[in-house]
Amino acid sequence: MAKTGKGILEVTLLDGKGLKDTDLFGKVDPYVVLQYRNQERKSSVARGQGSNPKWNESFKFLVQYPGTAGIPHKLILKVMDHDTFSKDDFLGEACIHVEDLILLGLEKGIGELHPSRFNVVCNQNYSGEIRVALTFTPKVEAVGDEEEVGGWRDSFHHH
């Protein structure tokens, strides 16, 4: 039987290393836009931290598995340079496939990826790396979820 379920994917964005500097004036002020399917989160801007920023921030995404067919379970981390005077520059992106982690979590009760480095790539060129840790925790259907309300009510109300 195919596994289905929902849960929370928690992404901890730790730091970056050797990020390409596109800024001619001053240091790059990197931040990361995290996208998982139709959800988007944004890290804070690591002001003046240049190529080796530290964030240490966590973000949560709702996971529905398998979800809409054809949309892969991947997390895209777009590394941007915050620019005060012009458009923010795209420094590169890292892509993490999280399907195995979700399946592991659904099977074992938790799926974890310890802090790991992922390459940041811009136009096929290596542009540094970021360190990320991931945890997927399945959500046990709680009373009050749409699917179960009906059945739950019936079993408790004997009129």
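Glu10 is partly exposed, with a relative accessible area of 26%, and I would like to start from this residue, which lies in strand 1, and work outward through the predicted model that you have in front of you. If we leave aside residues up to four places away in sequence, Glu10 touches Ser58, Phe59 and Lys60, and it also touches Ala133, Leu134 and Thr135. For Leu134 in particular, the C-alpha atom is separated from that of Glu10 by 5.7 Å, although the two residues are 124 residues apart along the chain.

One of those contacts is also a charged pair, since Glu10 forms a salt bridge with Lys60, and here the closest N and O atoms are 4.0 Å apart. Glu10 lies in strand 1, residues 5–17, and Lys60 lies in strand 4, so this pair ties together parts that are 50 residues apart in sequence. As for the other partner, Lys60 counts as partly exposed at 49% relative accessibility.

Let me stay with the charges for a moment. Side chains of opposite charge can pair when their charged atoms come close. How many salt bridges does the count come to? The count comes to five salt bridges, and besides the one at Glu10 I will describe two of them in some detail. Glu129 and Arg117 meet through their side chains in a salt bridge of 3.5 Å, taken from N to O. Because Glu129 lies in strand 8, residues 125–138, and Arg117 in strand 7, residues 111–122, the pair ties together parts that are 12 residues apart in sequence. The two partners are worth setting side by side: Glu129 is buried, with a relative accessible area of 11%, whereas Arg117 is partly exposed, with a relative accessible area of 45%. These two residues belong to a network of salt bridges that links them with Lys17. The next pair involves Glu107 and Lys108, which form a salt bridge whose closest N and O atoms are 3.4 Å apart, and in this case both residues are exposed.

From the charges I turn to the aromatic side chains. Which rings make up the one aromatic pair that a search of the whole structure finds? They are the rings of Tyr36 and Phe61, whose centres are 6.1 Å apart and whose planes stand at 65°, and since an angle over 60 degrees counts as edge-to-face, that is how the pair is classed. Tyr36 lies in strand 2, residues 30–36, while Phe61 lies in strand 4, residues 54–65, so the pair ties together parts that are 25 residues apart in sequence. Are these two residues buried or exposed? Tyr36 counts as buried at 0% relative accessibility, and Phe61 is likewise buried, with a relative accessible area of 0%. Phe61 has a further neighbour to mention, because the charged end of Arg41 sits over its ring, 4.8 Å from the ring centre, by the criterion of lying within 6 Å of that centre and within 35 degrees of the ring normal.

Strand 2 leads us on to strand 5, as the two run antiparallel and are joined by seven bridges. Within that pairing, Val33 has Lys78 of strand 5 as its bridge partner. Strand 5 is also joined to strand 6, residues 89–97, by eight bridges, again in an antiparallel arrangement, and there the bridge partner of Ile76 is Cys95 in strand 6. Six of the eight residues of strand 5, which covers residues 74–81, are buried, so this strand is largely enclosed by the rest of the structure.

One loop position deserves a word as well. Gly48 lies in the loop between strand 3, residues 39–42, and strand 4, and this glycine is partly exposed, with a relative accessible area of 40%. Beyond its sequence neighbours up to four places away, Gly48 touches Lys27, Val28 and Asp29. The C-alpha atoms of Gly48 and Pro30 are separated by 8.2 Å, the two residues being 18 residues apart along the chain.

Finally, a word on confidence. The protein chain averages a pLDDT of 88, and 84% of the residues score at least 70. Over residues 145–159, however, pLDDT stays under 50, and for that stretch the model has seven contacts beyond four places in sequence. Where pLDDT is low, the predicted coordinates should not be read in detail.

Key
Residues numbered from 1 in each chain as written. Predicted model: local features only at pLDDT ≥ 70, side-chain atom pairs only at ≥ 80, totals over all residues. Heavy atoms only, no water. pLDDT = per-residue confidence, 0-100. Contact = heavy atoms within 4.5 Å. Phe/Tyr/Trp six-rings, centres within 6.5 Å; stacked < 30°, edge-to-face > 60°. Helix = DSSP H or I, 4+ residues; strand = E, 2+ residues; numbered from the N terminus. Buried < 20%, exposed > 50% of the residue type's maximum accessible area, 1.4 Å probe, protein only. Pairing = 2+ DSSP bridges.
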